[in-house]
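Reader: I have a model open on my screen and would like to learn how to read it. Could you take me through some features, with the general idea each time and then the case here?

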Amino acid sequence: MQAEYKLRFEGISKVFPGVVALDEVSFGVHKGTVHVLMGENGAGKSTLMKIINGTQQQTAGRMYLDGKEVSFRSVYEAGQHGIGMICQELSYIPDMTIEKYLMLCREHRRRVPGFIDWPKTRAAARALLEREGLSYDPRLTMREISISDIQILEITKCISNDNIDVLIMDEPTSALSNKEVARLFDRIRILKEKGITILYISHKMDEIFQIADEITVMRDGRHIHTAPASEYTPESMVTMMVGRRIDDVYPKEPVAFGEKVLEVRDFSTRYTNVSGLNFYVRAGEIVGLAGLMGAGRTETARGLFGMDALESGQILLDGKPVNIRSVPDAVRCGIVMATEDRRRYGMIGCRSISENIALPNLRKLSRGPFVDRRKERRHVAEMFRRLRIKAPSEQTEAKTLSGGNQQKVVLAKWLLAKPRVLILDEPTRGIDVGAKYEIYRLMSQMAKEGIAILLISSELPEFIGMCDRCYTMYNGRMNGELSRAEMTQERIMMHCAGGKS
Amino acid sequence: MKRILALVLTALFCASLCACSDTGQADSQTDDSAQSSADAPEAPVQKAEDYHDVKAKIMVIGKNSTDPFTNWLLTAAEKVIKESYPNVEYVVTNLNDDPSNIVTLLDQCVLDGYDGVLIQKGSNSINSDEWYQNATAEGLKISAINAIAKDGVASCSYADDYGMAQMMAAHMADILPENAQVVFFKGPDGNQAAMDRVDAYQEHLFKARPDVTVIAENFVEGWKKENAITLMEDWCQKYDKIDGIISVNDTMALAGLDVMKNAGRDISSVYSCGIDGLADGCLSIEAGGLTASILQNADVMSEEGVRLLMQMINGDIDHEAYIVDGVLITPDNVSEMIQMHRDNGIIK
Amino acid sequence: MEKRFTDIRGLFSQAMRRYGIYLILLLIVFAGSVLSPVFLTSKNIMSVGRQVSVTGILAFAETILIIGGNVDLSLGSQVALSGMISINTYLGTGSAVLAFASAIAVCVCCSLFNAFAITKLQMPGFVATMSMDFIARGAVYVYCKGTPIYQVGDYGKISSTYLFGVVPLPVVFLLGVAVLAAVILRQTCLGRNIYAVGGNAEAAFASGISVSRTKFKAFAISGLFTGIAAVIQMARLNTGMPDTANGYHGDAIAAAVIGGASFTGGAGTAAGTLVGAFVVGFISNILNLKGISIYVQQIIKGILIIIAVSVDIAGKNRKIRQVAREKKEPVEPREGPA
């Protein structure tokens, strides 16, 4: 199908003082295709997208839309030319209701200028939700729904705009379950049939091969290769992205398991659907907790960590029951957790890396009421070395780090606490391939040291790659336990979806 | 759901307001005369004993709850009412420094069937004149203290700021040494009392004694001692020789003296003056600090204000004014003033 | 491809960000010395120090609260209430130590009540402390019937005494409080917890910090500082004035914000606040020496505060942009999309 180029780039460069973000990028995107952009963090994908959608302008080079040269000075201007974008960083207004949010900037107006016809607007919002088969109560505010729901709504909002010709999607599935991803892909196929061009950025290999017509790989601001998806293999793509061969994506090492460190009996947490859980983790084991959105994995973790209240059940540490009613209780018992939303729960963004790492360990690093600076420096330096944290200095503000390094800081602070049990909730979300590998390596190392690890993830390959055992949850209950040998993507998926095999 | 609840509650609220309000007023007094300013007293003043048995309900309203002069006024008013008009029911409150509270309180008085209001009302304005006229039309009698009433319906009992300041200025013009260098505290800008006092000083002191130089001057917000302290401290940095502290009230003059004393300067040779004759001013004069002051006798002011109100309530007068004379306080007569403050309980 | 940012422009903006407020102080001192010959004398500087001592100490109280994600709008009223009680304590016992102790006790009670309202009753800080402001002001009136205490004996000596004949006692207290605040913030675990809770209370909670206990301690420290300020204020007035310190929380917050404390929480230093207090004090001092009307002074002070804070924020934004360049990912500056 020799379609016309909808979008073409010729020598696009973007230079900031001292840094080249894009270096003479040239390629074309065919109309009505799903064109995937692959590359590590810092490869320049987001910068290129921002140039297309008007947030930034290029310093050199030309961009052609439908054969005509264009340059957008604002998102609004790009929008007028039919370009819409769903960002990776979900920006939303917490106190706005769903119906208002969906119709933002497209409200139905009354005949009197300046007034909005709310009944009509609300009806349009409800119709939209119905059409997409979404069952949210439109009067809920954005604050009251989960991140994955917000992502779905964001996509719905963008897709429902009929004036969109070119749709840019930056990591749209990072918070979605596999079922929701499938639905999204269906919708994408429908858009494709309508002739809409889709630019898709993602890290997830299996998704890409499901959906892509053509794939472009970028590295270090340069264009590496563009070709139809059929011409790529996962290995060739990773090689192009990273510039090196990664044979073992999952550095799993064999470990001799110890006794049961953590055991949970008849566990249920308050205000959630989690009930009647029974499971255990041994020293040195990496145990996975799989499930779809709403299955109750994060709620279980939060209950174990003392963030949420227990309804009933027992937590046993080394066989002895412990009473965990708050986070300090959990930490004192040696149970720590790297939370799902690391920006919100994981680190104090405006403080330094050193302070973040020290924060839960102050008792260890202090002399009386005073902080022992020398001890702190020593331990933080050791963590830097051991986790290979890349940052200008220990005093750098945590929020300026890349996602991967932020996650390392979170892990560093808990490692320093010398935990017995480490709970990881989506530890590699939004992190590029190279950093992911390092996190897996760390996990293996920690398992070797005898730490019991509970891994919650939405990437099935992670379970298969790293876990010794895997529990599956469905609707707040545990419905399966798979050994390493038994784990296949299909079997895990089946349990998560509620069936048994 | 929330909106329905809000509507229901609002409706209930309005209904309860209607149910509670009084209907009709006692004799309403029509005011034919539209005098624009109050007259000075001509008729002989009736004595308080004549109104000993009058029954009435009045509200006493001060400017705020913390100003020393206001407190003196209110304390004196209470004392007079309790001693001379035992059948009068009264309530003391204040405006919290917000003139817009006047209309709220006046409305409340009208609704609750008060007979009269004794109010320290602050500056005049077209709006406030209207409020008093409306309230009086509903039958409420108004007597203002520490302010001039220009609305044609209220009585007032006040001290003539210009007159007092003139008295002070003349005295200082007599005793200031030749070529004296003085600092001048002008009180808050835009405040009628302060502006009158400043005008009197300009006319009767600085114009009368052209050899006297004002080396530094400024406004002092709220007549506050702490603001005057800051000014004086900075002036002391700049000027080594300060012969006099001219101030439109005692508090600011005392601030100046305190600062000079703390800076190690000899204040016994400094000429200082203020106005009001409050307790701290009198104590300072007695101790040899402040040179002189003018008594703004709040006792008399309140007493006369209450008397005028009782006369209005009893129907004997329409509205009148009483001007309280200032009295020059010097080391010679300061002990009398201190005794008066002791009687009031302000000095222990 | 990773380049370290080393050219002159980068160094300059780094310097501005960290030391911007000191630069402003230097500019003001320079302007002062040009505009008035007596400005740069030790006597004048000490005098300004005494003038800013009360609002300066209150600024340290606000700083500790603001860093922890709180604010207190009742400090002025607390000063009046505890100051009056402290004077009576002094008149009754003759002990300056007890005078301080009683003022501190009253302020700590008020502040802890604020903390209780914010943590246990879940009231927003603004509302809770504003209510306390009304309560405390009313309490002063009830306590003393609005009448000032004119005879206070030697109480005023707390303000008029000089240490070594040169440093006024209020300045000694101001510096003492500054050092105490600095030590707490930089050297203690409590300080770290305050920064964490202010920077991201949820993450602090998920790291095992007791958010409510930290807030209680922060308010307690604020009460301690406020009590000290109350005694100095009454001593300076040499009278027990019930209507004093009106709106002082505003000046205190201004000094803290100029010094770098941010309402988003988790940012601010003791040194910055001290500089902020002196910046405001020097501006007032210079304008008084030039004889400018106090009402014009207020306008100028407001404008200069806006300038000082904008320069500080601009320096921080430049830093965000600089780091973003190094990451090769453009980031929006704090004020939102252009």
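Reader: Let me start with Asp133(C). Which side chain of opposite charge is nearest to Asp133(C), and how far away is it?

Author: Happy to help, and keep in mind that this is a predicted model. The general idea is that side chains of opposite charge can pair when their charged atoms come close. For Asp133(C), the nearest candidate is Arg137(C), at 5.1 Å. A salt bridge needs the nitrogen and the carboxyl oxygen within 4 Å, so Asp133(C) has none, although it is buried.

Reader: What does the side chain of Asp133(C) make a polar contact with?

Author: Its partner is the side chain of Ser77(C), in a polar contact of 2.3 Å. Leaving aside residues up to four places away in sequence, Asp133(C) touches Leu73(C), Ser74(C) and Ser77(C). As for its place in the fold, Asp133(C) sits in helix 5 of chain C, which covers residues 125-144.

Reader: Now the salt bridges that do form. How many are there over all chains?

Author: The count is 39 over all chains. One of them pairs Glu285(A) with Arg469(A), whose closest N and O atoms are 2.8 Å apart. That pair links distant parts of the chain, 184 residues apart: Glu285(A) is in the loop between strand 12 (277-282) and strand 13 (286-290) of chain A, while Arg469(A) is in strand 21 (residues 469-474) of chain A. Both Glu285(A) and Arg469(A) are buried.

Reader: Which chains does the salt bridge between Arg236(C) and Glu233(B) join, and where do its two ends lie?

Author: Arg236(C) and Glu233(B) have their closest N and O atoms 2.6 Å apart. The pair crosses between chains, with Arg236(C) in helix 10 (residues 211-237) of chain C and Glu233(B) in helix 7 (residues 225-238) of chain B. Arg236(C) is buried at a relative accessible area of 10%, and Glu233(B) is buried at 6%. Salt bridges can also share partners: Arg282(A), Glu285(A), Arg469(A) and Glu481(A) are joined in this way into one network.

Reader: Is Asp308(A), in its salt bridge with Arg302(A), buried or partly exposed?

Author: Asp308(A) counts as partly exposed, because its relative accessibility is 24% and buried means under 20%. Its closest N and O atoms with Arg302(A) are 2.8 Å apart.

Reader: On to cysteines. How many disulfides does a search of the whole structure find?

Author: A disulfide is a covalent bond between the sulfur atoms of two cysteines. Here the search finds zero over all chains. Take Cys273(B): the closest cysteine sulfur, in Cys282(B), is 14 Å away, so the two are too far apart for a bond. Cys273(B) is buried, with a relative accessible area of 0%. Cys189(C) is in no disulfide either, as the nearest cysteine sulfur belongs to Cys350(A), 18 Å away. Cys189(C) also counts as buried, at 15% relative accessibility.

Reader: What about backbone angles? Which value does phi of Asp266(A) take?

Author: Most residues other than glycine have a negative phi. Asp266(A) has a positive phi of about 55° although it is not a glycine. It lies in strand 11 (residues 260-269) of chain A and is partly exposed at 46% relative accessibility. Lys418(A) is another residue other than glycine with a positive phi, near 45°. Lys418(A) is in the loop between helix 14 (403-416) and strand 19 (421-425) of chain A, and it counts as exposed at 64% relative accessibility.

Reader: Let me step back to whole chains. How many helices and strands are in chain C?

Author: Chain C has 13 helices and two strands, and 57% of its 338 residues are buried. Its accessible surface is about 13700 Å², with 68% belonging to carbon and sulfur atoms. Chain B has 11 helices and 12 strands, and buried residues make up 52% of its 348 residues. Chain B exposes about 15400 Å², and carbon and sulfur atoms supply 50% of that.

Reader: And which chains share the most contacts?

Author: Two pairs of chains are in contact, and chains A and C share the most contacts. Chains A and B do not touch, and their nearest C-alpha atoms are 12 Å apart.

Terms used. Residues numbered from 1 in each chain as written. Chains lettered and ligands numbered in written order. Predicted model: local features only at pLDDT ≥ 70, side-chain atom pairs only at ≥ 80, totals over all residues. Heavy atoms only, no water. Helix = DSSP H or I, 4+ residues; strand = E, 2+ residues; numbered from the N terminus. Buried < 20%, exposed > 50% of the residue type's maximum accessible area, 1.4 Å probe, protein only. Lys, Arg positive; Asp, Glu negative; His and termini not counted. Polar contact = N/O pair within 3.5 Å; in protein donor to acceptor, adjacent residues only side chain to side chain. Contact = heavy atoms within 4.5 Å. Areas by Shrake-Rupley, 256 points an atom, 1.4 Å probe, with all protein chains shown as cover. Disulfide = S-S within 2.5 Å.
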